[in-house]
Amino acid sequence: MVDRTPLCFRCHAQLAVKRVNELSAGFEARTFQCQRCDHHLVVVASSSDPMDSLENRLTSR
Ligand SMILES: [Zn+2]
C-alpha cells in the first residue's frame with residue numbers, strides 16, 4: 001500500500017488524510033486537509049483501484 005496524498009492546490013503543501021467515507025458500489029470519498037492553509041479537498045475514488053482514480057483527478061486539474 002503506497003501512502004501518497006495529493007498536494008494542496010493553493011500552497012502546494014502535502015495534504016493529510018482527514019477521513020475516508022465508504023460510499024455505495026465500491027467507491028469511497030476521501031477528505032484531505034492542508035495543514036498549512038486549511039484547504040479541504042474531497043476525492044471520490046474507486047476502492048478497488050484508488051491510486052489510479054486519484055492520479056486522474058490530479059492530472060486533470
Ligand atoms: Zn494549502
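**Three strands and a helix: questions on a predicted model**

Reader: Which residue in S3 is the bridge partner of Phe32?
Author: This is a predicted model: local features need pLDDT of at least 70, side-chain atom pairs count only at pLDDT 80 or more, and totals for chains, interfaces and linings use all residues. Residues are numbered from 1 along each chain as its sequence is written. Strands (E, at least two residues) and helices (H or I, at least four) are DSSP runs, numbered from the N terminus. Across in strand S3, the bridge partner of Phe32 is Leu41.

Reader: In what order do the elements of the protein chain run from the N terminus on?
Author: The protein chain has one helix and three strands. Read from the N terminus on, the elements run β-β-β-α.

Reader: In what order do the three strands form their open sheet?
Author: Two strands pair if DSSP finds at least two bridges between them. Here the pairing is antiparallel. The order in the open sheet is S1-S2-S3.

Reader: Which are the edge strands?
Author: An edge strand here pairs on one side only. That holds for two strands of the sheet, S1 (residues 15-22) and S3.

Reader: By what angle are neighbouring strands of this sheet turned against each other on average?
Author: The axes are lines fitted to C-alpha atoms, for helices over the stretch in contact, and angles between N-to-C directions run from 0 to 180 degrees. For this sheet, direction is ignored. The average turn between neighbouring strands is 25°.

Reader: How many bridges join S2 to S3?
Author: S2 covers residues 27-34. S3 covers residues 40-46, and the two run antiparallel. One residue pair across them is Ala29, which stands opposite Val44 in S3. The bridges joining S2 to S3 number seven.

Reader: Which residue in S2 does Ala16 stand opposite?
Author: S1 and S2 pair in the antiparallel sense over seven bridges. In one pair, Glu22 stands opposite Glu28 in S2. In another, Ala16 stands opposite Gln33.

Reader: Which residue takes a positive phi in the hairpin of S1 and S2?
Author: This hairpin has four residues between its strands. The positive phi, near 60°, belongs to Ala25.

Reader: What is the phi of Asp38, about?
Author: Asp38 lies in the loop between S2 and S3. These strands form a hairpin with five residues between them. Asp38 is not a glycine, yet its phi is positive, at about 65°.

Reader: Is Asp38 buried or exposed?
Author: A residue is buried if 20 or more other C-beta atoms lie within 10 Å of its own, exposed if 12 or fewer, and partly exposed in between, with C-beta atoms placed from the backbone. Asp38 has 9 other C-beta atoms within 10 Å, so Asp38 is exposed.

Reader: How does His12 count, buried or exposed?
Author: His12 is in the segment before S1. His12 has a positive phi of about 60°, although it is not a glycine. Because His12 has 11 C-beta neighbours inside 10 Å, it counts as exposed.

Reader: What distance separates the C-alpha atoms of Pro6 and Phe32?
Author: Pro6 also lies in the segment before S1. With 18 C-beta neighbours inside 10 Å, Pro6 counts as partly exposed. Pro6 and Phe32 are 26 residues apart along the chain. Their C-alpha atoms are separated by 8.1 Å.

Reader: What distance separates the C-alpha atoms of Phe27 and Ala45?
Author: Phe27 is partly exposed because it has 15 C-beta neighbours inside 10 Å. Two residues are in contact if their C-beta atoms lie within 7 Å. Leaving aside neighbours within four places in sequence, Phe27 is in contact with Val44, Ala45, Ser46 and Ser47. Phe27 and Ala45 are 18 residues apart along the chain, and their C-alpha atoms are separated by 5.6 Å.

Reader: What percentage of the residues of the protein chain count as buried?
Author: The protein chain has 61 residues. Among contacts between residues at least 6 apart in sequence, 24% join residues at least 24 apart. The share of residues that count as buried is 10%.
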